[in-house]
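Student: I've got a new model open on my screen and I'd like to learn how to read it. Can you walk me through it?

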Amino acid sequence: MSSAAADSRKRRAARACLACRKRKTRCDVARSGMPCNNCRLDGVECVVIKSRRGRYVARTKVHMMSRPLF
């Protein structure tokens, strides 16, 4: 694939505000800053929440067995 073809492909947005997530539209808040163009044009508040990815810590069997049953 040539570099021109790779540049023309749509790229996934790194972050999206709540309004763009709700409307399922491409958000440019990571590229252009707050507020994103969609929120600025629509006149709505641009809210970006912190990612929750990677917060879950799996419990191991050893950890589960060290806890009392009652």
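**Reading the pocket and the surface**

Tutor: Sure, and keep in mind that this is a predicted model. Let's start with the lining of the largest pocket: by class it has five nonpolar, one polar and six charged residues.

Student: How does one find a pocket, and which residues line the largest pocket here?

Tutor: The general idea is that rolling a probe the size of a water molecule over the atoms shows where empty space is left. In this case the lining includes R12, A13, R15 and R21, along with V48, I49, K50 and R53. The volume of the largest pocket comes to about 380 Å³.

Student: What makes up the nonpolar surface patch?

Tutor: L18, V47 and I49 do, covering about 210 Å². I49 sits in the loop between α4 (37-42) and α5 (61-66).

Student: Why does I49 count as partly exposed?

Tutor: Partly exposed lies between the cut-offs of 20% and 50% relative accessible area. I49 has 40%, so it counts as partly exposed.

Student: How many helices and strands are there?

Tutor: Five helices and zero strands. Of the 70 residues in the protein, 14% are buried.

Student: And how many salt bridges does the structure hold?

Tutor: One. The side chains of D42 and R23 meet in it, at 2.3 Å from N to O. This pair links distant parts of the chain, with D42 in helix α4 and R23 in helix α2 (residues 18-23), 19 residues apart. D42 is partly exposed at 45% relative accessibility, and R23 is partly exposed at 45% too.

Key: Residues are numbered from 1 along each chain as its sequence is written. This is a predicted model: local features need pLDDT of at least 70, side-chain atom pairs count only at pLDDT 80 or more; totals for chains, interfaces and linings use all residues. Side-chain values use heavy atoms; hydrogens and water are left out. On a 1 Å grid over the protein atoms alone, a cavity is a set of points where a 1.4 Å probe fits but cannot get out, and a pocket is an open set with protein on both sides within 12 Å along at least five of seven lines; lining residues have an atom within 4 Å of a point. Grid points are joined across faces, edges and corners, and a volume is the space filled by probe spheres set on the points. Ala, Val, Leu, Ile, Met, Phe, Trp, Tyr, Cys and Pro count as nonpolar, Asp, Glu, Lys and Arg as charged, and the others, Gly among them, as polar. Patches are made of residues with over 30% relative accessible area and no salt bridge: like charges are joined within 9 Å, nonpolar side chains (Val, Leu, Ile, Met, Phe, Trp, Tyr) within 5 Å. Accessible areas come from the Shrake-Rupley method with a 1.4 Å probe; for residues, only the protein chains shown count as cover. A salt bridge is a side-chain nitrogen of Lys or Arg within 4 Å of a carboxyl oxygen of Asp or Glu. Helices (H or I, at least four residues) and strands (E, at least two) are DSSP runs, numbered from the N terminus. Buried means under 20% relative accessible area, exposed over 50%, partly exposed in between (1.4 Å probe, protein chains only).
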